[in-house]
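Good morning, and thank you for joining this group meeting. I would ask you to keep the sequence and the structure in view while I speak.

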Amino acid sequence: VHNAVALARICATTHPEALARMFIALDKPLKCWGDKHLVLDVAELAITAARRVRSRGRAEAEGEAQAMICGKSWALQRIGRLEEAKIAAEISLRLGEEIGWDRNTAYCEKCIGRLFRIMGEATSEPIKKAEFLTASVEHLETAIARFTMSPEFGAQHPEVGDCYSLL
């Protein structure tokens with residue numbers, strides 16, 4: 001993972017097309033290292049690369065969308081920058097919907113559901129708490145349905161279990 005990141009940093013300005021989908025491949029192994037700031041840095045590297053590709057297509061949009069939700073928003077939630085995490089999640093959701101990428105939408109629903117739960121737990125205002133927690137449940141149930149119906153995932157996939165755990 002560290003070698004891949006080092007190589008990506010070297011190629012960032014000269015070969016952005018090679019890095020646009022980098023986060024998709026490094027997502028899970030990168031998170032296993034436990035360094036949230038490294039996840040955020042690599043996500044930003046992939047996002048910047050995807051945006052720099054001159055003949056941007058679906059592959060670059062997918063790379064940016066996943067780096068935005070599974071990298072940037074994921075890391076920002078875990079370091080307490082919740083508003084920034086929400087913005088990144090909304091950008092990813094919009095990007096994924098523009099290209100009809102259901103997989104990304106499922107991840108966005110899951111991430112946004114977790115984010116609203118955290119926001120609900122953080123507030124002491126009863127009405128806001130109820131609003132956040134209701135929104136959390138709605139997003140997580142949508143994510144469960146999307147992952148379950150997806151041929152890539154299905155009802156027994158760990159992503160579905162993660163969503164139930166977040167509920």
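Let me begin with valine 42, which is buried because its relative accessible area is 1%, under the cut-off of 20%. Please bear in mind throughout that this is a predicted model. Valine 42 has its place in helix H4. If we set aside the neighbours within four places in sequence, valine 42 is in contact with Val5, Met22, Phe23, Leu26 and Leu30. For orientation, valine 42 and aspartate 27 stand 15 residues apart in sequence, and their C-alpha atoms are 9.3 Å apart in space.

One of those contacts, leucine 30, deserves a word of its own. Not counting residues up to four places away in sequence, leucine 30 touches Val1, Phe23, Leu38, Val39 and Val42.

Helix H4 also holds alanine 46. With a relative accessible area of 0%, alanine 46 is buried as well. Its contacts, leaving aside neighbours within four places in sequence, are with Leu19, Ala20, Met22, Phe23 and Ala67. A longer view is given by proline 126: 80 residues separate alanine 46 from proline 126 along the chain, and their C-alpha atoms are separated by 39 Å.

I turn now to the core. Which residues of the largest nonpolar core touch the most other members? Of its 46 residues, they are Met22, Phe23, Leu30, Val42, Ile69 and Phe147. The elements that give two or more residues to this core are helix H1 (2–11), helix H3 (22–32), helix H4 (36–52), helix H5 (58–78), helix H6 (82–98), H7, H8 and H9. As general background, nonpolar side chains in soluble globular proteins tend to be buried together.

Next, helix H8. Why does its end-to-end distance agree with its length in residues? At 1.5 Å a residue, the 24 residues of H8, which are residues 126–149, should span 34 Å, and the C-alpha atoms at the two ends are 35 Å apart, so the values agree. The buried residues in H8 are Phe132, Ala135, Ser136, Leu140, Ala143, Ile144 and Phe147. Helix H7 (102–122) and helix H9 (158–166) are what these buried residues pack against. It is useful to recall that an α-helix has 3.6 residues a turn, so residues three or four places apart point the same way.

The loop between H7 and H8 contains threonine 123. Is threonine 123 buried or exposed? Its relative accessibility is 15%, and because the limit for burial is under 20%, threonine 123 counts as buried. Beyond residues up to four places away in sequence, threonine 123 touches Lys128, Lys129 and Phe132. Phe132 has already appeared among the buried residues of H8.

The aromatic side chains come next. How many aromatic pairs are there? The count comes to 4. In one of them, tyrosine 107 and phenylalanine 147 form an edge-to-face pair, with 5.2 Å centre to centre and 80 degrees between the planes. This pair links distant parts of the chain, since tyrosine 107 is in helix H7 and phenylalanine 147 is in helix H8, 40 residues apart. Tyrosine 107 and phenylalanine 147 are both buried.

Tyrosine 107 also forms an edge-to-face pair with phenylalanine 153, at 5.8 Å centre to centre and 80 degrees between the planes. Here too distant parts of the chain are linked: tyrosine 107 in helix H7 and phenylalanine 153 in the loop between H8 and H9, 46 residues apart. Tyrosine 107 and phenylalanine 153 are both buried. Through these ring pairs, Tyr107, Phe147 and Phe153 are linked into a cluster.

Helix H9 is also where we find aspartate 162. At 36% relative accessibility, aspartate 162 counts as partly exposed, because that value lies between 20% and 50%. Aspartate 162 and leucine 115 are 47 residues apart along the chain, with their C-alpha atoms separated by 14 Å.

I close with the largest pocket, whose volume is about 290 Å³. It is lined by 15 residues, and those closest to its centre are Lys31, Trp74, Arg78, Lys110 and Glu159. At least two residues of the lining come from each of H3, H5, H7 and H9. Which helix gives the most to this lining? H5 does, with 5 residues.

Terms used:
Residues are numbered from 1 along each chain as its sequence is written. This is a predicted model: local features need pLDDT of at least 70, side-chain atom pairs count only at pLDDT 80 or more; totals for chains, interfaces and linings use all residues. Side-chain values use heavy atoms; hydrogens and water are left out. Helices (H or I, at least four residues) and strands (E, at least two) are DSSP runs, numbered from the N terminus. The expected span of a helix is 1.5 Å times one less than its number of residues. Buried means under 20% relative accessible area, exposed over 50%, partly exposed in between (1.4 Å probe, protein chains only). Contact means heavy atoms within 4.5 Å. A nonpolar core is a set of buried Ala, Val, Leu, Ile, Met, Phe, Trp, Tyr and Cys residues joined through side-chain atoms within 4.5 Å. Rings of Phe, Tyr and Trp (its six-membered ring) pair if their centres lie within 6.5 Å; planes under 30 degrees apart count as stacked, over 60 as edge-to-face and the rest as tilted. On a 1 Å grid over the protein atoms alone, a cavity is a set of points where a 1.4 Å probe fits but cannot get out, and a pocket is an open set with protein on both sides within 12 Å along at least five of seven lines; lining residues have an atom within 4 Å of a point. Grid points are joined across faces, edges and corners, and a volume is the space filled by probe spheres set on the points.
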